[in-house]
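User: I would like to learn how to read a protein model. Could we go through one feature at a time?

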Amino acid sequence: MSTLILALVAGGAVGLALGALGGGGSVLAVPALIYLLGFSPAAATTAGLLIVTATSATALYAHARAGHVRWKAGALFAAAGLLPAAAAGAAAARLPQPLLTAAFGAVAAVAALRMLRPADGTVVRDVAGVRPGRAAGAGAGLGALTGLLGVGGGFLAVPALVTVLAFEMQAAVGTSLLVITANSLASLTLRGASASALDWAVIAPFTAGAVLGAWDGKRLAGKVSGSLLQRVFAVVLLAVAAFMLADAVA
């Protein structure tokens, strides 16, 4: 399979996950860039952020039109993570790659297991019911992990919005895209110089496939129940976590 076709197919899978689940884009993009397309880990994390920024912005527009974005809580959640994301991104350059990979896998596994726990039935249906302190605290923690691990953070944002703020799944998916876009842009501010050295002949078709896949993912999200999406999301996270942890200790 040619590099162009491989990039399009991999991008489509990333976009489908991001559009349907509100996360998982970087979780899939970074391993695909490293293991399928030959990027170095450092280049893959920067390229992954570029791809997920473009894709999440596209998916955000689609979810916003459907009324699935809670702008007030999402903006507070995202704003709280901007400075931590930038600071952690600077710190990540000084840490060993195996340590970051292991941390990535461990955090993904914890998030997945939390998503698989039975829901307690508490759902916030009014934005006024969201506590600003909880949103800001969770957003700051998410931003720091986003900058540290070089991912958009959707695989953490969705569980946080569901479990910490008690959003229903569709609202969590839509709102997480706002958080992903903001955190990815903040992380990229400290990676701008490295972006110019990336292989854009691969990144461009990968991004195109991801953007198209995001629209299909949005349609899928409208046809599948939130609980099923949550379980699928958690299973994908567990699989990725196991792979990355195995790679870190190999």
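Analyst: We can start with one helix. In helix 5, the buried residues are L100, T101, F104, G105, A108, A109, A111, A112 and M115. Keep in mind that this is a predicted model.

User: Why do residues three or four places apart in an α-helix point the same way?

Analyst: An α-helix has 3.6 residues a turn, so residues at that spacing point the same way. With that in mind, look again at the buried set in helix 5, which includes L100, F104, A108, A111 and M115.

User: What span should the 20 residues of helix 5 have, and how far apart are its end C-alpha atoms?

Analyst: The general idea is to allow 1.5 Å a residue. For helix 5, residues 97-116, this gives an expected 28 Å, and the end C-alpha atoms are 29 Å apart, which agrees. Helix 8, residues 169-188, also has 20 residues and an expected span of 28 Å; its end C-alpha atoms lie 28 Å apart, again in agreement.

User: How many residues of helix 8 are buried?

Analyst: Of its 20 residues, 18 are buried, so helix 8 is mostly covered, where buried means under 20% relative accessible area. One residue to look at in helix 8 is A186. A186 has a relative accessible area of 10% and therefore counts as buried.

User: Which residues does A186 touch, not counting those up to four places away in sequence?

Analyst: A186 touches L82, A85 and A86. Distance between C-alpha atoms is another way to read position: A186 and G147 are 39 residues apart along the chain, and their C-alpha atoms are separated by 8.0 Å.

User: Where is T53, and what is it in contact with, leaving aside neighbours within four places in sequence?

Analyst: T53 sits in helix 3, residues 41-65. Its contacts are S184, L185 and L188. T53 counts as buried because its relative accessibility is 11%.

User: Is A210 buried or exposed?

Analyst: A210, in helix 10 (residues 200-223), is buried, with a relative accessible area of 0%. Beyond the residues up to four places away in sequence, A210 touches G11, G12, G15, I51 and T55. A210 and A7 are 203 residues apart in sequence, yet 9.4 Å apart in space, C-alpha to C-alpha.

User: What share of the contacts with a separation of 6 or more comes from residues 24 or more positions apart?

Analyst: In this protein the share is 86%.

User: Which residues touch the most other members of the largest nonpolar core?

Analyst: That core has 33 residues, and those with the most contacts to other members are F77, M115, V158, F167 and M169. At least two residues of the core come from each of helix 1 (3-21), helix 4 (71-92), helix 5, helix 6 (132-149), helix 7 (154-163), helix 8 and helix 11 (226-249). Another core, of 18 residues, lies apart from it, with V14, V30, A32 and F206 among its members.

User: Which residues form a nonpolar patch on the surface?

Analyst: Y35, L36 and F243 form one, with about 300 Å² of accessible area together. L36 belongs to helix 2, residues 25-36.

User: How many helices and strands does the protein have?

Analyst: There are 11 helices and 0 strands. Of the 250 residues, 52% count as buried. The accessible surface of the protein comes to about 10400 Å², and 69% of that belongs to carbon and sulfur atoms.

How values were computed:
Residues numbered from 1 in each chain as written. Predicted model: local features only at pLDDT ≥ 70, side-chain atom pairs only at ≥ 80, totals over all residues. Heavy atoms only, no water. Expected span 1.5 Å × (residues − 1). Buried < 20%, exposed > 50% of the residue type's maximum accessible area, 1.4 Å probe, protein only. Contact = heavy atoms within 4.5 Å. Patch = residues over 30% accessible without salt bridge, like charges linked within 9 Å, V, L, I, M, F, W, Y side chains within 5 Å. Areas by Shrake-Rupley, 256 points an atom, 1.4 Å probe, with all protein chains shown as cover. Salt bridge = Lys/Arg side-chain N within 4 Å of Asp/Glu carboxyl O. Core = buried A, V, L, I, M, F, W, Y, C linked by side-chain atoms within 4.5 Å.
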